[in-house]
Amino acid sequence: MVRLRELTPDDAEALQSIYSPESTRFLGRGPMDAAEARSAAHDAAASAARSPRMIYTLGLDVDGDLLGIAKLHLDRSFASAGYVLRPDARGKGLATEAVRGLVALGFGRLGLSVIRAKHHPQNPASGRVLLKAGFEPTGEHAGFTTYAIRSP
């Protein structure tokens, strides 16, 4: 069963596998080392306890296996969604499910009116994920292809 769940400090090793050199190629950041993964897992768990919560860093869990991360940022001038999958989890529709989960959270419980996303133009698979999740292209910014989805 696929679900988005809160991260815990125990997810550090899985985070390091998710944020691998192959997965971070188009993210504008490098892979995570062990220390950074421990810090990221701790920060995600701490963020979940904050009020108001500004960043939702959720794990994409499939039958107890953490295969990816989906993020919803509220700490910017607009809400933005992002995701990253472990290389062996790609091509199975999981990223689309994760983004749809973020959209449901954003438009449902959080009452957002618009969520934006972007992808590197050399990563067209990410664009297909966003389109399948209901996003529409809005142009280009800082070398990235941009998208938005509006609340129904």
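How do helices α3 and α4 lie to each other, oblique or roughly parallel? They are oblique to each other, a label that covers whatever is left once angles under 35 degrees are called roughly parallel, over 145 roughly antiparallel and 65 to 115 roughly perpendicular. The model behind this is a predicted one, in which local features need pLDDT of at least 70 and side-chain atom pairs count only at pLDDT 80 or more, while totals for chains, interfaces and linings use all residues. Residues are numbered from 1 along each chain as its sequence is written, and side-chain values use heavy atoms, with hydrogens and water left out.

Helix α3 covers residues 94-107; helices here are DSSP runs of H or I with at least four residues, strands are runs of E with at least two, and both are numbered from the N terminus. At 1.5 Å a residue, its 14 residues should span 20 Å, and the end C-alpha atoms do sit 20 Å apart, so the two agree. The expected span is 1.5 Å times one less than the number of residues. Much of α3 is tucked away: 10 of its 14 residues are buried, with buried meaning under 20% relative accessible area, exposed over 50% and partly exposed in between (1.4 Å probe, protein chains only). Those buried residues are L94, A95, T96, A98, V99, L102, V103, L105, G106 and F107.

Then there is the partner, α4, made of residues 124-132. The two helices pack at an angle of about 45°, and their axes are 9 Å apart. Axes here are lines fitted to C-alpha atoms, for helices over the stretch in contact, and the angles run from 0 to 180 degrees between N-to-C directions. The crossing of α3 past α4 is right-handed, that is, the near helix is turned clockwise from the far one by less than a right angle, whereas anticlockwise would be left-handed. On the α3 side the contact (heavy atoms within 4.5 Å) is made by A95, T96, V99 and R100, and on the α4 side by V129, L130 and K132. By type, the contact residues come out as four nonpolar, one polar and two charged. In that scheme Ala, Val, Leu, Ile, Met, Phe, Trp, Tyr, Cys and Pro are nonpolar, Asp, Glu, Lys and Arg are charged, and the others, Gly among them, are polar.

Helix α2 spans residues 34-48, and three of its residues are worth a look. A41 sits in α2 and counts as buried because its relative accessibility is 0%. Leaving out residues up to four places away in sequence, A41 touches T8, P9, D11, A12 and L15. Its C-alpha atom is 23 Å from that of T96, a residue 55 places apart from A41 along the chain. S39, also in α2, is partly exposed, with a relative accessible area of 36%. The C-alpha atoms of S39 and R100 are separated by 27 Å, with their positions 61 residues apart along the chain. A48 is again part of α2 and counts as partly exposed, at 30% relative accessibility. Apart from neighbours within four places in sequence, A48 contacts E6 and R53. From A48 to L58, 10 residues apart along the chain, the C-alpha separation is 9.4 Å.

The loops bring a few backbone features. S51 and P52 are joined by a cis peptide bond, with omega at about 0°; P52 belongs to the loop between α2 and β2 (55-62). In the loop between β2 and β3 (65-73) sits D63, whose phi is near 50°, a positive value in a residue other than glycine. D63 counts as exposed, at 64% relative accessibility. A142 likewise is not a glycine and has a positive phi, of about 55°. Its place is the loop between β6 (136-141) and β7 (144-150), and at 66% relative accessibility A142 counts as exposed.

A79, in the loop between β3 and β4 (80-85), is buried, with a relative accessible area of 8%. Setting aside neighbours within four places in sequence, A79 is in contact with H73, L74, L112, V114, I115 and R116. A79 and A148 are 69 residues apart in sequence, yet their C-alpha atoms are 9.7 Å apart in space.
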